[in-house]
Amino acid sequence: MKTQKNSNRLLSICCVALFLLALPVSAQLGAAQVRLKDLVRIQGVERIDLVGYGVVVGLNKTGDKDIELAKRTVSNLMKNFNIFIDSSDISSKNVAVVMVTASVEPFHRRGDRVGIQVASMGDATSLQGGILLMTPLLDPDGKTYAIAQGALVVGGYSAGVGGPGGSTETKNFPTVGRIPNGATLKFDHDVEFIKEGKLELVLRQPDFTTAQRIAEVVSSVSHNGSVAEDAGTVRITIPKDVLEVGLTSQFISTIESLRVTPDRRARVVVNERTGTVVLGGEVMISTAIVAHGNLTVRVGSTQGVSQPGAFSRVGETAVIEDVQTEVVDEPAKIMVVPRTTSVQELADVLNQLGASPRDLISILDALQNLGALQMELITL
């Protein structure tokens with residue numbers, strides 16, 4: 001009887017293994033453009049953000065100069081070594097108070113090391129050459145999750161002597177630095193992302209059509225049910241055989257390799273401040289007539305002197321302003337914008353108008369108000 005159970009279990013393992021091995025072949029039949037792992041994230045598998053407050057020492061007179069926070073921090077730090085100094089007696093310029101941040105990826109283990117970012121809080125001019133003293137890093141719940149310490153790597157510098165008669169030169173941001181592998185984690189990260197045999201995929205760009213396509217391609221290979229709950233969530237039921245034999249990770253790896261064609265909205269993103277225009281590929285323009293011209297108004301001002309004649313006793317010397325106004329009205333270009341179906345066609349038409357990026361923003365806005373631009377116009 002026991003032998004029969006073992007045989008059945010072995011057969012079940014073999015069937016599940018064959019099922020998983022067959023998934024990539026099936027997935028390739030419906031392969032599209034984007035891997036599933038690039039479109040979604042697994043609910044519950046999230047990174048942890050850490051933050052801490054510390055002190056950087058060893059600066060060459062580039063630390064905080066006149067800030068009460070730095071003095072009190074150093075005074076409190078010395079108390080840990082049974083050295084009591086009043087904060088008013090501290091005048092060192094080789095110390096800077098900083099904020100320390102880190103992002104920890106999921107599935108980490110105690111003792112793992114992660115990189116950290118260090119940024120000055122006070123009026124320090126540079127953190128170059130500094131060393132961060134032991135700093136506790138807190139998680140969002142206020143628990144000490146990691147300990148940070150080490151020498152900073154600063155991608156910039158500040159040199160020279162300021163003040164009268166001096167000059168300084170600064171490159172990049174010397175008040176911000178990094179410490180590679182500068183923090184040691186104190187806890188394991190046990191993630192519970194499978195609940196009641198189900199797995200939730202969260203779309204990075206919520207869309208009903210994309211969610212439905214993901215559900216269909218997963219269902220076609222898993223044969224165990226996949227449902228698009230809304231525009232941002234797809235729920236997958238993991239086969240019982242996979243759960244029983246502990247092949248969940250292999251199952252998820254196979255699901256992630258599936259390819260889906262994501263759907264997207266037709267959008268135009270414009271930035272008036274920089275004159276940047278980005279058009280999506282799903283363009284639909286109705287026929288319209290566009291008249292575009294440039295009106296340039298130049299106003300110039302020069303100053304002159306008005307003074308009375310020689311030996312005249314009437315009048316006073318005065319400064320007068322001479323204003324010249326010039327108006328240049330360039331002939332407007334009139335062009336029929338045909339019904340287009342690609343970004344290239346639209347770009348060719350608008351390029352013939354000779355419009356600048358900022359003029360293009362106005363034209364696109366007018367086309368949308370007319371109803372000829374079948375896209376969502378987003379301004380930054």
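This is a tour of a predicted model, going from the whole chain to single residues.

**Before selecting anything.** Residues are numbered from 1 along each chain as its sequence is written. In this predicted model, local features need pLDDT of at least 70, side-chain atom pairs count only at pLDDT 80 or more, and totals for chains, interfaces and linings use all residues, while side-chain values use heavy atoms, with hydrogens and water left out.

**Whole chain.** Colour by pLDDT, the predictor's confidence in each residue, from 0 to 100. The protein has a mean of 76, and 66% of its residues reach 70 or more. Seven helices and 22 strands are present; these are DSSP runs numbered from the N terminus, with helices being H or I of at least four residues and strands E of at least two. Of the 380 residues, 31% count as buried, that is, under 20% relative accessible area with a 1.4 Å probe and protein chains only.

**Residues 1–32.** Select this stretch: pLDDT stays under 50 throughout, and the model has 28 contacts beyond four places in sequence for it. A contact means heavy atoms within 4.5 Å. Where pLDDT is low, the predicted coordinates should not be read in detail.

**The barrel.** Next select β3, β4, β5, β10, β7 and β6, which in that order form a closed barrel of six strands with antiparallel pairing. Strands pair if DSSP finds at least two bridges between them. Within the barrel, zoom to β3 (residues 48–57) and β4 (residues 96–104), which run antiparallel and are joined by nine bridges. Valine 55 stands opposite valine 97 of β4.

**Around β14.** Move to β14 (residues 233–237), which five bridges join to β12 (residues 198–203) in an antiparallel arrangement. Here valine 234 is the bridge partner of leucine 201. Now add β13 (residues 226–228), antiparallel to β14 and joined to that strand by three bridges. Isoleucine 236 of β14 faces serine 226 across this pairing, and a hairpin of four residues connects β13 to β14.

**Helix α3.** Select residues 208–222. At 1.5 Å a residue, the 15 residues of α3 should span 21 Å, and the end C-alpha atoms are 21 Å apart, which agrees; the expected span is 1.5 Å times one less than the number of residues. At the start of α3, a side-chain oxygen of aspartate 207 comes within 3.0 Å of the backbone nitrogen of threonine 209. Buried residues of α3 include Ile214, Val217, Val218 and Val221. Finish at histidine 223, just after α3, where phi is positive at about 55°.

Notes
Buried means under 20% relative accessible area, exposed over 50%, partly exposed in between (1.4 Å probe, protein chains only). A polar contact is a pair of N or O atoms within 3.5 Å; within protein, one must be able to donate a hydrogen and the other to accept it, and residues adjacent in sequence count only if both atoms are side-chain atoms.
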